[in-house]
Amino acid sequence: MSTRAVAAVDLGATSGRVMIGRIGDGVLDLEPVSRFPNGPVERADGLHWDFEALSENVLDGLAEAVRREPGIESIGIDSWAVDYGLIAGGKVLAEPFHYRDERSARGVAEVHEIVAFDELYRRNGLQFLPFNTLYQLRVDDRAPEAESALLVPDLLAFLLTGARVAERTNASTTGLLRVDDAEWDTDLASRLGIAPALLPALVDPGALIGTLRPQIARRIGADLPVIAVGSHDTASAVAAVPMTSPSAAYISCGTWGLVGVELAEPVLTDAARAANFTHERGVDGRFRFLHNVAGLWLLSETVRAWEAEDGAPIDLVALLAAASAVTAPVPTFDANDPSLSAPGGMPARIGALLAASGQTAPTDRPAFARSIVESIAVAFAEAVATASALTGRRLDVVHIVGGGSLNTLLCQATADRTGLPVLAGPVEATALGNVLVQARALGAAPATLEELRALVAATHAPVRYTPHT
C-alpha cells in the first residue's frame, strides 16, 4: 500500500496545531506544520475564545501543509468540548464563550430548577460539569437570534465548507444527546428553553462533511474534502490508545486528565452518577466511561504565576528534574477541588487548600511542583480504582497518552499510586486518532478500531513504568 497523506487540525485549550499525517503499510507518521497559542480573551460581556485569530491560524496552517505535501487528500478537525458558536445569516453571530466564563454558574442553577440532575444523568449519562453546553445555552442571551449552534470543530468545518453538522463524539458532551440512542434530546432542549432548531444534523466519525468553499480552496491551495473525525479531542486520543488488553484503563492527559475505560454499553447506575463518571461517545459507537480530573493545568498555572513573579521564563524540564530528586515526603491535596478551577494565583490557592487540611505547603519550588504532580497522580489513581469498581473490571494496565505521557515524574507516580504498570505514549495520540479516522474513510487504513490501535502500537511503542514496591 502506498503512503497516503491527510491534514489534521488539532486544537487544545492552550494551543492549536496543524499536522500532516502519513499512513501506509507499517507507516503512521506525523509532521508538525504549525503551532499557535490559544486561550481565553476578556471581552465586555465575559470570557471568550478569539475565534477569528484561531480560524486564521488554522487556514494559514492548512495552506502551509498543502505547500509541503501537495498529495494531502482530506482535512479533519478536533478540539476541546462543550463550547460553541452561534450562526445566523450564514455568519458567526457571536464569538464562542470560554467554558470557564462565570455565566455558566447561573445556567446550572436554572437548569437544575427545571430538571433534577438525576434525571439529566438518566437521559444523557454525563457527569456534572458546570460548563456543559446545556448550561451555557440556557443563559445565552443571543441564542434566540441564531439559526444554529455549532461546537468549535463543527464551527470551523462550517467556515471551511458551509455545511452545518454536529459530529457525535463532541455532541455527546453537550448534555443534549440521549445516552441510549445518540440522538438529540429535543424534548429536554425544549424544557430548558433551548430551541431544538439550533441543533444541526448529526454525523459519525468518518462521514464526509463537505468540500472546501471556493475561496477557502484558493487560499489553501487545494480543493479538499473535510471528513468528520472524533472531533472531541479525547475521542480522537482514545481511538489512538494502543490498547491490547480488554482490562486497560486510559488517561488522556493534558490540561485535563480524562481517566476511564472503554465500554460497549453504558453504566447508568446511581453509583456511577454519584461518582460523577460520564458516558461520552467514542469512535465506532464506543462509550468513553470516564471522569474529568484536573491535569497539568495545575502545574502550568503554577509555573505561569512564578514566571510573572520572576519576570523571566522557567525551565520546566529542569524544574521537573529537581522535583524528581526530592526525597522528603510532600503533602498532597485534592486536585479536583473547585477552588483550583479558575486561572490566576494558583500557588496561593494550593497553599490555602493545604493549610485548610492541616498541612504546610513546601517553600521551595521543586518540592511544591512535586506536591502538585503527586496530587494529580493520587486523583488519577482514585479515578482508575472507581472505574474498576463501577464496571466490575479488574484492571491490569494504565495507558497515558497526550502531553502528560512525556512527564516521567507523573507517569511513575501514577504507576506507584495505582499499583499498575503504566504504558506512556503516544504523546500525539489526538492527532494520530484524527489521522486514522480520515485515512480509514479514504480506504487507506484498516477497518476495525482494534487494527488501527495495533498500527499505533507497532509504530509508536509506549514507554513502560513499573510500580515501585
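# Exercises on sheets, a buried leucine and enclosed spaces

An open sheet of seven strands, with mixed pairing, runs in the order β16-β17-β15-β14-β18-β19-β20. The model is predicted, and the exercises below take this sheet as their starting point.

**Exercise 1. Identify which strands are the edge strands of the seven-strand sheet, and give its average twist.**

Solution. Step one: read the two ends of the order β16-β17-β15-β14-β18-β19-β20. Step two: β16 (278-281) and β20 (463-465) each pair on one side only, which makes them the edge strands. Step three: from one strand to the next, the twist averages 30 degrees.

**Exercise 2. Work out how β14 is joined to β18 and to β15.**

Solution. Step one: take the β18 side. Strand β14 (residues 248-253) and strand β18 (residues 397-401) run parallel and are joined by five bridges. A residue pair to look up here is A248, whose bridge partner in β18 is V397.

Step two: take the β15 side. β14 and β15 run antiparallel, with four bridges between them. I251 stands opposite V259 in β15. The two strands, β14 and β15, form a hairpin, and two residues lie between them.

Step three: put both sides together. β14 has a parallel neighbour in β18 and an antiparallel neighbour in β15, in keeping with the mixed pairing of the sheet.

**Exercise 3. Describe the surroundings of β15: how many of its residues are buried, and how is β15 joined to β17?**

Solution. Step one: strand β15 covers residues 256-263, and seven of these eight residues are buried, so the strand is largely enclosed by the rest of the structure. Buried here means under 20% relative accessible area. Step two: β15 and β17 run antiparallel and share eight bridges. Step three: for a single pair, W256 stands opposite A294 in β17.

**Exercise 4. Characterise the lining of the second largest pocket, and state which element gives the largest share.**

Solution. Step one: the volume of the second largest pocket is about 610 Å³. Step two: 28 residues line this pocket, and those closest to its centre are P130, F131, W256, P338 and S341. W256 was met above, opposite A294 in β17. Step three: two or more lining residues come from each of α2 (103-114) and β17 (287-294). β17 gives the largest share, four residues. Step four: by type, the lining holds 15 nonpolar, nine polar and four charged residues.

**Exercise 5. Analyse the sheet of β8, β7 and β9, and find the helix that packs on it.**

Solution. Step one: three strands form this open sheet in the order β8-β7-β9, with antiparallel pairing. Step two: β8 (91-94) and β9 (148-151) are at the edges with a single partner strand each, so one side of each has no neighbour in the sheet. Step three: ignoring direction, neighbouring strands of this sheet are turned by 50 degrees against each other on average.

Step four: four bridges connect strand β7 (residues 84-88) with β9, and L150 in β9 is the bridge partner of G85. Helix α5 (residues 152-161) packs on the sheet and touches β7, β8 and β9, its direction making about 110 degrees with that of β9.

Step five: α5 has nine of its 10 residues buried, so the helix is largely enclosed by the rest of the structure. Among the buried residues are D154, F158 and T161. Just after α5, G162 has a positive phi of about 85 degrees.

**Exercise 6. Locate the largest cavity and describe its lining.**

Solution. Step one: the whole structure holds six cavities of 30 Å³ or more, and the largest has about 90 Å³ of space. Step two: of its 13 lining residues, A149, L151, T174, W184 and L199 are closest to the centre. Step three: α4 (133-138) and β9 are the elements that give two or more residues, and β9 has the largest share, three residues. Step four: the lining divides into 10 nonpolar, two polar and one charged.

**Exercise 7. Decide whether L299 is buried or exposed, and list its contacts outside the local sequence.**

Solution. Step one: L299 is in helix α11 (residues 297-310). Step two: its relative accessibility is 4%, so L299 counts as buried. Step three: setting aside neighbours within four places in sequence, L299 is in contact with L316, L320, A369, I372 and N407. Step four: L316 lies 17 residues away along the chain, and 9.6 Å separates the C-alpha atoms of L299 and L316.

Terms used. Residues numbered from 1 in each chain as written. Predicted model: local features only at pLDDT ≥ 70, side-chain atom pairs only at ≥ 80, totals over all residues. Heavy atoms only, no water. 1 Å grid on protein atoms, 1.4 Å probe; cavity = no way out; pocket = protein on both sides within 12 Å on 5 of 7 lines; lining within 4 Å. Points joined across faces, edges and corners; volume = space filled by probe spheres on them. Nonpolar A, V, L, I, M, F, W, Y, C, P; charged D, E, K, R; others polar. Pairing = 2+ DSSP bridges. Axes fitted to C-alpha atoms, helices over the stretch in contact; angles between N-to-C directions. Contact = heavy atoms within 4.5 Å. Buried < 20%, exposed > 50% of the residue type's maximum accessible area, 1.4 Å probe, protein only.
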